[in-house]
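Please look over the sequence and the structure shown below before reading on. The report that follows is meant for a reader new to this structure.

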Amino acid sequence: MNLVCIQDIVIAIAYRLGSCWGKRQRLLRDFGQALERTKAVYTIMYTKPMAKTVPVRELRSNLSSLLDDVSDRRDHVLVTRNGAPAAALVPIDEYEALEETAEILSDPDALAALETGLAEIERGETVTLTELRSELAERRAAAG
């Protein structure tokens, strides 16, 4: 996933949680755009089929090459034990993104803020990223 896209989303969520009504309109327009870029990235990443299913014995003997496949080629490897799925190898950034998503989804306040934000996007109450960054810079200058 593009780190700029993640940064945009994180800035937008953080700002949204503490924003006033007048600023939300512009903020959410850019949040929606960042969300669309994220969807495009995930569409590209997850439309390819699950790469490999390997038994644990093969994992032990080919660990180095399987790790290369995961880290370099971004393959996914499903490890089985006695024919049943036991573990999965995924690129570290995908794992971290899953952990972050799970954390956000377990926070009721964050979920409520996201639902409110998505409703505002649907109503066209958004802000451009340039406007958001400009306002944040002004706030930092005023605080510093």
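The text below treats the sheet, two helices and a few single residues in turn.

**The sheet.** The model is a predicted one. Three strands make up an open sheet of mixed pairing, in the order β1-β2-β3. The edge positions belong to β1 and β3, each of which has a single partner strand, so one side of each lacks a neighbour in the sheet. From one strand to the next, the twist averages 30°. The pairing of β2 with β3 is antiparallel and runs over five bridges. In this part of the sheet, L78 stands opposite A88 in β3.

Helix α4 packs on the sheet and touches β1, β2 and β3. The direction of α4 makes about 155° with that of β1.

**Helix α4.** This helix covers residues 63-73, and L66, D69 and V70 are buried in it. Viewed down the axis of α4, the buried residues fall within an arc of 90°, so they line one face of the helix. An α-helix has 3.6 residues a turn, so residues three or four places apart point the same way. The exposed residues S64 and D72 are on the other side of α4. The buried residues of α4 pack against β1 (52-55), α3 (56-61), β2 (77-81) and β3 (84-89).

**Helix α6.** Residues 108-122 form α6; at 1.5 Å a residue, its 15 residues should span 21 Å, and its end C-alpha atoms are indeed 21 Å apart. Buried in α6 are A110, A113, G117 and E120. These residues cover an arc of only 85° around the axis, which puts them on the same side of α6. The face turned away from that buried side carries P108, E115 and E122, which are exposed. At the N-terminal end, D107 acts as a cap of α6, with a side-chain oxygen 3.0 Å from the backbone nitrogen of D109. Just after the helix, G124 has a positive phi of about 80°.

**Single residues.** Four residues can be set side by side by place and accessibility.

| Residue | Place | Relative accessibility | Class |
|---|---|---|---|
| E94 | helix α5 (residues 92-105) | 5% | buried |
| T80 | strand β2 | 10% | buried |
| R74 | loop between α4 and β2 | 25% | partly exposed |
| N82 | loop between β2 and β3 | 81% | exposed |

Why does E94 count as buried? Its relative accessibility is 5%, and the cut-off for buried is under 20%. The side chain of E94 also makes a polar contact with the side chain of R74, at 2.9 Å.

R74 follows α4. Phi of R74 is positive, near 65°, although R74 is a residue other than glycine. N82, which is not a glycine, likewise has a positive phi, of about 55°.

Which residues does T80 touch, leaving aside those up to four places away in sequence? They are T53, V54, P55, V56, P85 and A86. T80 itself, in strand β2, counts as buried at 10% relative accessibility.

**In brief.** The sheet has the strand order β1-β2-β3, and α4 packs on this sheet. In α6, the buried residues lie on the same side of the helix, while exposed residues, including E115, are on the face turned away.

Key:
Residues are numbered from 1 along each chain as its sequence is written. This is a predicted model: local features need pLDDT of at least 70, side-chain atom pairs count only at pLDDT 80 or more; totals for chains, interfaces and linings use all residues. Side-chain values use heavy atoms; hydrogens and water are left out. Buried means under 20% relative accessible area, exposed over 50%, partly exposed in between (1.4 Å probe, protein chains only). Helices (H or I, at least four residues) and strands (E, at least two) are DSSP runs, numbered from the N terminus. The arc is that of the directions from the helix axis to the C-beta atoms. Contact means heavy atoms within 4.5 Å. The expected span of a helix is 1.5 Å times one less than its number of residues. A polar contact is a pair of N or O atoms within 3.5 Å; within protein, one must be able to donate a hydrogen and the other to accept it, and residues adjacent in sequence count only if both atoms are side-chain atoms. Two strands pair if DSSP finds at least two bridges between them. Axes are lines fitted to C-alpha atoms, for helices over the stretch in contact, and angles run from 0 to 180 degrees between N-to-C directions.
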